[in-house]
Amino acid sequence: MGMLVNGKWTDRRPAEVAGRFVRPESQFRNFITADGSSGFKAEPGRYHLYVAYNCPWAHRTLIFRKLKGIEGMISVASAVPDDRAEGWRFGDSFPGGIPDTVNGFTWLHEAYSAAKPDYTGTCTVPALWDKKAKTIVNNESSEIIRMFNSAFDGVGAKSGDYYPEALRGEIDLVNEFVYEHLNNGVYRTGFGDSGRVRRGGGEGLRRAGHARAAPGGSALPGREHADRGRLAPFPDAGALRRCLSSRFQVHLAAPRELRQSV
Ligand SMILES: N[C@@H](CCC(=O)N[C@@H](CS)C(=O)NCC(=O)O)C(=O)O
């Protein structure tokens, strides 16, 4: 897989990441808000989502777009699953394929260099594009789904809060667990060159798989705290982290520690 270096596509990644899977931090981290105080106001028709159906991170943004009934407000372009000559390419040569009718980009990297002409980094889906400011608002799926959850509520999104205040600590923690051990485990296993790296990724996946199949029938932590069938909040995120660590038999880093190690 290639990347952009100073806004120019290169087919190779720098030597320091060769041979092991290193996920770079997503670089576009702005937020759409209901009042527009962030510079990105929630307005129907203003935003455009670049996705690939075979990407689990892009997939969850599509699930949220559907859950919140904002399909009519946010347009989509979908990348051809198996054509990666210059990264993701948009087109309709497969069932459900949607070309980029907003910007007419062929390659996803065109969106990244249009947003930031000297961009250096990988060009990943999902990426949320602002038609008005002509830039990428955000390319981090966990944040895109947070915006979809509430920002458009005042302009016609379906009701439903999938990130309730009382459960945010747990949700964030489980999200980090899945990200590190399941999603990134797939990448470490698939893209690592060395057997050691592949074994490391496989081990993470194995643990995540065990966690999902844990006795008690649920991957959700804290079932033992269940109150009338609902997951009761832990007293704090640390308590949940300790619970997950022992339950999944892994070291679950504190959020700050985890971000630094990604
Ligand atoms: N942190 C990102 C990760 C997204 C990601 O890694 N997407 C993959 C596809 S599943 C991608 O586009 N990879 C292209 C590349 O790394 O060049 C998110 O959760 O939104």
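## Close-up views of a predicted model

**View 1. The surroundings of P126.** Once its neighbours within four places in sequence are left aside, P126 is in contact with L49, Y50, V51, W57, A58, T61, N139, S141 and I144. The model shown here and in the views that follow is a predicted one. P126 itself belongs to the loop between α2 and β5, and its place is a buried one, because 24 other C-beta atoms lie within 10 Å, where 20 or more are needed for a residue to count as buried. The view also brings together parts of the chain that are separated in sequence, since A52 and P126 are 74 residues apart along the chain, while their C-alpha atoms are separated by 7.4 Å.

**View 2. The whole protein chain, as a setting for the close-ups.** The secondary structure of the protein chain amounts to 7 helices and 6 strands, and, when read along the sequence, these elements follow the pattern β-β-β-α-β-α-β-β-α-α-α-α-α. The protein chain has 262 residues, of which 28% count as buried. Among the contacts in the protein chain with a separation of 6 or more, 58% are accounted for by residues 24 or more positions apart.

**View 3. The open sheet and its edges.** Four strands form an open sheet in the order β4-β3-β5-β6, and their pairing is mixed. The edges are taken by β4 (74-78) and β6 (135-138), each of which has a single partner strand, so one side of each is left without a neighbour in the sheet. On average, and with direction ignored, neighbouring strands of this sheet are turned by 35° against each other. In general, the strands of a sheet pair through backbone hydrogen bonds, either parallel or antiparallel.

**View 4. Strand β5 and its two partners.** On one side, β5 is joined to β3 by 4 bridges, and these two strands run antiparallel; within this pairing, L49 stands opposite L128 in β5. Strand β5 (residues 127-130) also pairs with β6 in the antiparallel sense, over 3 bridges. Two of the residues of β5 can be followed across to β6, where the bridge partner of L128 is N138 and the bridge partner of D130 is T135. The hairpin of β5 and β6 has 4 residues between the strands, and K134 in this hairpin takes a positive phi near 50°.

**View 5. Helices against the sheet.** Strands β5 and β6, paired over 3 bridges in the antiparallel sense, belong to the sheet on which helix α2 (residues 108-115) packs, touching β3, β5 and β6, with a direction that makes about 95° with that of β6. Helix α1 also packs on the sheet, where it touches β3 (47-51) and β4, and its direction makes about 140° with that of β3.

**View 6. L128 and the two faces of β5.** In a regular strand the side chains alternate between the two faces of the sheet. Both faces of β5 are covered, with A127 and W129 on one side and L128 and D130 on the other, and these residues are all buried. L128, whose place is in strand β5, counts as buried because it has 26 C-beta neighbours inside 10 Å. Apart from its neighbours within four places in sequence, L128 is in contact with Y47, L49, I136, V137, N138 and I144. N139 and L128 are 11 residues apart in sequence, and their C-alpha atoms are 6.2 Å apart in space.

**View 7. The contact between α1 and α3.** The axes of α1 and α3 come within 9 Å and cross at roughly 5°, and the two helices are therefore roughly parallel to each other. On the side of α1, the contact is made by W57, A58, R60, T61, F64 and R65, and on the side of α3 by S141, I144, I145, F148 and N149. By type, the residues of this contact divide into 6 nonpolar, 3 polar and 2 charged.

**View 8. The shell around the ligand.** There are 15 residues around the ligand, and those that come nearest are C55, W57, T122, T124 and S141. Helices α1 (56-67) and α3 (141-150) each supply at least two residues of this shell. By type, the residues of the shell divide into 7 nonpolar, 7 polar and 1 charged.

Terms used:
Residues numbered from 1 in each chain as written. Predicted model: local features only at pLDDT ≥ 70, side-chain atom pairs only at ≥ 80, totals over all residues. Near = placed C-beta within 6 Å. Nonpolar A, V, L, I, M, F, W, Y, C, P; charged D, E, K, R; others polar. Pairing = 2+ DSSP bridges. Axes fitted to C-alpha atoms, helices over the stretch in contact; angles between N-to-C directions. Contact = placed C-beta atoms within 7 Å. Parallel < 35°, antiparallel > 145°, perpendicular 65-115°, else oblique. Buried ≥ 20, exposed ≤ 12 C-beta atoms within 10 Å, placed from the backbone.
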